[in-house]
Amino acid sequence: MRILRHLLLAAAIAPAIVHAAPKAKQAPKQVTSFFPQLDLGRFLADNFDLASVRSSLAARRTPELRTFADFGMLPTNTGDDVVTFDGERWLYQLRVVRRADINNDGIEDLEVCFTDRAKGASYDSSQSLLVSRYSDETYAVALRYESDACGPTTKSNTGRARTIEIK
């Protein structure tokens, strides 16, 4: 009888002991990256596919002109998190805000603020982008994804673009 009582008590206590035990940590999810660790700005100047985003360059773009480098544009500033093209009439900038697997597909993404501004005119656009790259042989492309890389904006039917008219 005494043994039976001990077995019943152990059966009643066992779930509480299991529940109180520390949980085993899950192994971190493996993330593949096709972006360089250093000088990411320069990389984007040569590999960001402008066909994947709305910009003032769209009217001049052809199938052969896909990147800033294809347009013959040389960056005026590059770094690990930014590339800027500051010309006489236009300013273009890609500023990386975050590197992570943002859309949970196992591939590293970049959360980027893309600025496209005319100097001395009313065109001034900033877009929050999710930029991804699927292999070492492909362009870095912008994906449709909700992001606040350029700061909070009001929702519109054009995604997360913000255009400011300067008068």
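Start by selecting Asp39 in this predicted model: the residue is partly exposed, with a relative accessible area of 33%. Asp39 sits in the loop between helix H1 (2-20) and helix H2 (40-47). Check its backbone while you're there, and you'll find a positive phi of about 50 degrees, although Asp39 is not a glycine. For context, most residues other than glycine have a negative phi.

**Next stop: helix H2**

Now select residues 40-47, which make up helix H2. Is H2 enclosed or open to the outside? Of its 8 residues, 6 are buried, so the helix is largely enclosed by the rest of the structure. To see them, pick Leu40, Gly41, Phe43, Leu44, Ala45 and Asn47. Then turn on the strands: the cover over these buried residues includes strand E1 (77-78), E2, E3 and E4.

**Zoom out for a moment**

Show the whole chain as a cartoon. You should be able to trace 2 helices and 7 strands. Follow the sequence from its start and the order reads α-α-β-β-β-β-β-β-β. Of the chain's 167 residues, 38% count as buried. If you display contacts between residues at least 6 apart in sequence, 51% of them join residues at least 24 apart. Switch to a surface view and the chain exposes about 10700 Å², with carbon and sulfur atoms supplying 56% of that.

**The second largest pocket**

Which residues should you select to outline the second largest pocket? Take Arg60, Met73, Leu74, Thr76, Phe85, Asp86, Gly87, Glu88, Arg89, Trp90 and Tyr92. The space inside comes to about 190 Å³. Color the lining by class and you get 5 nonpolar, 2 polar and 4 charged residues. Strand E2 (82-86) and E3 each supply at least two residues of this lining. You've met both strands already, as E2 and E3 are also among the elements covering the buried residues of H2.

**Along to the E3-E4 loop**

From the pocket, move to Asn104, in the loop between strand E3 (90-100) and strand E4 (109-118). Here's another positive phi on a residue that is not a glycine, this time about 55 degrees. Is Asn104 buried or exposed? With 57% relative accessibility, Asn104 counts as exposed, since the cut-off for that is over 50%.

**Last stop: the disulfide**

Finish by showing Cys113 and Cys150 as sticks. How many disulfides are there in total? The count comes to 1, and you're looking at it: Cys113 and Cys150 are paired, with their sulfur atoms 2.1 Å apart. Cys113 lies in strand E4 and Cys150 in the loop between strand E6 (141-143) and strand E7 (161-163), so the pair ties together parts that are 37 residues apart in sequence. Pull up the torsion about the S-S bond of Cys113 and Cys150: it is about 115 degrees, so this disulfide is right-handed.

Before you leave, check how covered the two cysteines are. Cys113 has 4% relative accessibility and counts as buried. Cys150 is buried as well, with a relative accessible area of 12%. Both calls follow because buried means under 20% relative accessible area.

Definitions and conventions: Residues are numbered from 1 along each chain as its sequence is written. This is a predicted model: local features need pLDDT of at least 70, side-chain atom pairs count only at pLDDT 80 or more; totals for chains, interfaces and linings use all residues. Side-chain values use heavy atoms; hydrogens and water are left out. Helices (H or I, at least four residues) and strands (E, at least two) are DSSP runs, numbered from the N terminus. Buried means under 20% relative accessible area, exposed over 50%, partly exposed in between (1.4 Å probe, protein chains only). On a 1 Å grid over the protein atoms alone, a cavity is a set of points where a 1.4 Å probe fits but cannot get out, and a pocket is an open set with protein on both sides within 12 Å along at least five of seven lines; lining residues have an atom within 4 Å of a point. Grid points are joined across faces, edges and corners, and a volume is the space filled by probe spheres set on the points. Ala, Val, Leu, Ile, Met, Phe, Trp, Tyr, Cys and Pro count as nonpolar, Asp, Glu, Lys and Arg as charged, and the others, Gly among them, as polar. Contact means heavy atoms within 4.5 Å. A disulfide is a pair of cysteine sulfur atoms within 2.5 Å. Accessible areas come from the Shrake-Rupley method with a 1.4 Å probe; for residues, only the protein chains shown count as cover.
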